[in-house]
Amino acid sequence: MGSPQRNYLNHPLADGIRKVGFRKWYERELLSSHAHMVLALLATIAMLGSFEAFRGGTLEEKLMDVLFIIASALIGLWALRRYLMLLGHAEVIANQASCPSCDEYGRFEVVEEDRRNQRMQVRCRKCTGLWQIED
Ligand SMILES: [Zn+2]
């Protein structure tokens with residue numbers, strides 16, 4: 001099992017943009033990031049519920065509650081981290097999505113992908129100007 005950071009870096013950005021175009025890709029990344037935010041909220045609610053249940057109950061039930069609290073805290077933290085990572089990444093790419101020559105936003109195609117240095121050469125669909133986007 002690799003670390004999440006590694007998986008995240010391997011995210012096939014250029015493939016995604018090639019397949020659906022930048023705007024759709026960006027939209028999907030935002031949706032995915034917001035889904036993780038919702039998950040983080042649900043985990044927080046579950047955690048608060050377990051705190052509430054902790055007050056009554058036998059020792060055994062209290063132990064179960066503690067397990068639930070730990071589990072929901074871990075899920076919540078993971079989801080929150082993922083939310084921020086996906087959102088941050090989408091923004092980093094979006095900030096480089098305007099053509100430097102004609103200012104057209106988000107209308108480019110991937111010309112070449114440099115996976116090792118995590119950059120790609122892209123071409124503006126409007127003026128055919130070239131620039132690089134760093135992942
Ligand atoms: Zn252009």
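**A helical chain with a three-stranded sheet**

Reader: Is Val92 buried or exposed?
Author: Val92 has 12 C-beta neighbours inside 10 Å. Buried needs 20 or more other C-beta atoms within 10 Å, exposed 12 or fewer, partly exposed lies in between, and C-beta atoms are placed from the backbone. Val92 therefore counts as exposed.

Reader: What kind of model is this, and which pLDDT do local features need?
Author: Residues are numbered from 1 along each chain as its sequence is written. The model is predicted: side-chain atom pairs count only at pLDDT 80 or more, totals for chains, interfaces and linings use all residues, and local features need pLDDT of at least 70.

Reader: Which helix holds Val92?
Author: Helices (H or I, at least four residues) and strands (E, at least two) are DSSP runs, numbered from the N terminus. Val92 falls within residues 59-94. That run is helix α4.

Reader: How far apart in space are Val92 and Lys19?
Author: In sequence, 73 residues separate Val92 from Lys19. In space, C-alpha to C-alpha, the separation of Val92 and Lys19 is 20 Å.

Reader: In what order do the elements run from the N terminus on?
Author: The chain has four helices and three strands. The helices come ahead of the strands. The order is α-α-α-α-β-β-β.

Reader: Is the chain spread out or compact?
Author: Its C-alpha atoms fill a box of roughly 70 × 30 × 20 Å along the principal axes. The radius of gyration is 21 Å, against the 14 Å that the globule rule gives for 135 residues. The radius is taken over C-alpha atoms, and the rule is 2.2 Å times the number of residues to the power 0.38. The value is well over the rule, so compared with a compact globule the chain is more spread out.

Reader: How many of the 135 residues count as buried, in percent?
Author: The count covers the whole chain of 135 residues. The buried share is 13%.

Reader: Which element gives the largest share of the largest nonpolar core?
Author: This core has 11 residues, among them Leu13, Phe22, Trp25, Phe108 and Val122; a core is a set of buried Ala, Val, Leu, Ile, Met, Phe, Trp, Tyr and Cys residues joined through C-beta atoms within 7 Å. At least two of its residues come from each of α2 (13-20), α3 (22-54) and β2 (119-124). The largest share is three residues, from α2.

Reader: Which domains each supply at least three residues of this core?
Author: Domain bounds come from an automatic or database domain assignment. That assignment splits the chain into residues 4-95 and 98-135. Each of the two gives the core at least three residues: domain 1 and domain 2.

Reader: Which element gives the largest share of the side of domain 1 that touches domain 2?
Author: The domain centres are 30 Å apart over C-alpha atoms. Seven residues of domain 1 are in contact (C-beta atoms, placed from the backbone, within 7 Å) with seven of domain 2. On the domain 1 side, α2 and α3 give two or more residues each. Four residues, the largest share, come from α2.

Reader: Which strands stand at the edges of the sheet?
Author: The open sheet has the order β1-β2-β3 and is antiparallel. Strands pair if DSSP finds at least two bridges between them. Each edge strand has a single partner, so one side of it is left without a neighbour in the sheet. The edge strands are β1 (108-114) and β3 (130-134).

Reader: How many bridges join β1 and β2?
Author: β1 and β2 form a hairpin with four residues between them, and Gln118 in the turn has a positive phi of about 50°. Glu109 has Arg123 as its bridge partner in β2. The antiparallel pairing of β1 and β2 runs over six bridges.

Reader: Which residue in β3 stands opposite Arg119?
Author: β2 and β3 pair in the antiparallel sense over five bridges. Their hairpin has five residues between the strands, with Thr128 at a positive phi near 60°. Gln121 has Gln132 as its bridge partner in β3. Opposite Arg119 stands Glu134.

Note on methods. Two residues are in contact if their C-beta atoms, placed from the backbone, lie within 7 Å.
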